[in-house]
Amino acid sequence: MTITFLGTGTSQGIPIIGSTHPVCLSEDFKDKRLRVSVLVEWDDYAYVIDCGPDFRQQMLRAHCRKIDGIIFTHEHSDHVAGLDDVRPFYFRQGDIDIYAHERVIASLTKRFDYIFETKNKYPGVPTLSINTIENKPFQLKNLTVVPINGMHHKLQVFGFRFKDFAYLTDMKTVEDSEIEKIKNVKVLVINALRIEPHLSHFNLEEALQFIDKVNPQTAYLTHISHLLGFHEAVENTLPEGVFLAYDTLQITL
Ligand SMILES: [Zn+2]
Ligand SMILES: [Zn+2]
């Protein structure tokens with residue numbers, strides 16, 4: 001299985017438009033972060049987790065020619081706003097599978113009403129094949145995916161476990177019974193927004209405490225804001241086995 005980090009930034013991305021913050025002005029490519037998403041590939045299959053406003057650019061950069069589906073964590077704009085750009089995949093492949101909580105499907109239906117339209121659909125609009133997921137394992141081709149339930153302040157969010165890889169973003173609280181589902185995974189990805197606490201996201205300290213509970217072999221931090229600091233400087237402060245993810249990073253397991 002290969003994981004490609006398509007984006008590792010928080011909702012505004014880094015750099016933020018017009019910002020003169022030193023991290024936004026950094027020349028280090030690891031400080032340039034598109035909106036958060038990963039590509040998960042195994043055998044001949046390719047699935048994307050979330051589809052934010054940078055989706056088109058991310059698919060081009062990753063030379064992604066085919067996707068088997070999109071799995072959504074939740075309905076915030078930085079995770080869904082690129083959905084219209086599935087069109088090239090739809091034209092070549094036909095209906096595109098999406099997987100999401102029924103609340104997220106309802107939100108997408110409102111936001112992208114023309115995509116979900118069934119009568120008199122405008123030509124060129126993509127068609128999606130909708131798969132509603134609950135907090136129980138579901139099948140993607142030959143692989144069972146386990147959802148991990150968490151809270152993003154008051155909003156329910158799904159993380160996902162694929163074999164020995166777990167991807168959780170936009171988490172603020174996760175119940176111990178859900179943490180049990182990912183204990184001792186080989187690779188854990190978890191959100192760490194900044195140093196200061198935040199209402200709906202783990203800060204660095206909370207993310208490190210969460211990693212201690214899960215006890216993975218290796219952990220990567222994502223959904224990073226410019227307020228976390230420079231990639232290189234922050235990474236030097238992290239415990240053994242914990243790294244900052246960066247855009248284009250690939251891991252194989
Ligand atoms: Zn969110
Ligand atoms: Zn987000």
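This report walks through the zinc site and the aromatic contacts of a predicted model.

## The zinc site

Start with the zinc ion (ligand 1). Three histidines and an aspartate hold on to it: H74 through NE2, H76 through ND1, H152 through NE2 and D170 through OD, at 2.2 to 2.4 Å. Read along the chain, these donors of ligand 1 are spaced H-x1-H-x75-H-x17-D.

What do the angles say about the geometry around ligand 1? The 4 donor atoms subtend 90 to 172 degrees, so the arrangement comes out as irregular. For a tetrahedral call, all angles would have to lie between 85 and 135 degrees.

## A shared aspartate

D170 does double duty here: it bridges the zinc ion (ligand 1) and the zinc ion (ligand 2), and the two ions sit 3.4 Å apart. Together, H74 and D170 tie distant parts of the chain to each other, being 96 residues apart. H74 comes from the loop between β4 (69-71) and α2 (77-80), while D170 comes from the loop between β10 (165-167) and α6 (176-179). Buried or exposed, for H74 and D170? Both H74 and D170 are buried.

## Aromatic contacts

Across the whole structure, a search turns up 15 aromatic pairs. One of them is Y90 with F91, a tilted pair with 5.8 Å from centre to centre and 50 degrees between the planes.

Ring pairs also join up into a cluster made of W42, Y45, Y47, Y99, F138, F158, F160, F162 and F165.

## A lysine over a ring

Y246 has a charged partner: K30 lies over the face of its ring, 4.6 Å from the ring centre.

Definitions and conventions:
Residues numbered from 1 in each chain as written. Chains lettered and ligands numbered in written order. Predicted model: local features only at pLDDT ≥ 70, side-chain atom pairs only at ≥ 80, totals over all residues. Heavy atoms only, no water. Donors = N, O, S within 2.8 Å, 3.2 Å for Na, K, Ca; no water. Tetrahedral: all angles 85-135°; square planar, octahedral: opposite > 155°, others 65-115°. Helix = DSSP H or I, 4+ residues; strand = E, 2+ residues; numbered from the N terminus. Buried < 20%, exposed > 50% of the residue type's maximum accessible area, 1.4 Å probe, protein only. Phe/Tyr/Trp six-rings, centres within 6.5 Å; stacked < 30°, edge-to-face > 60°. Lys NZ or Arg CZ within 6 Å of the ring centre and 35° of its normal.
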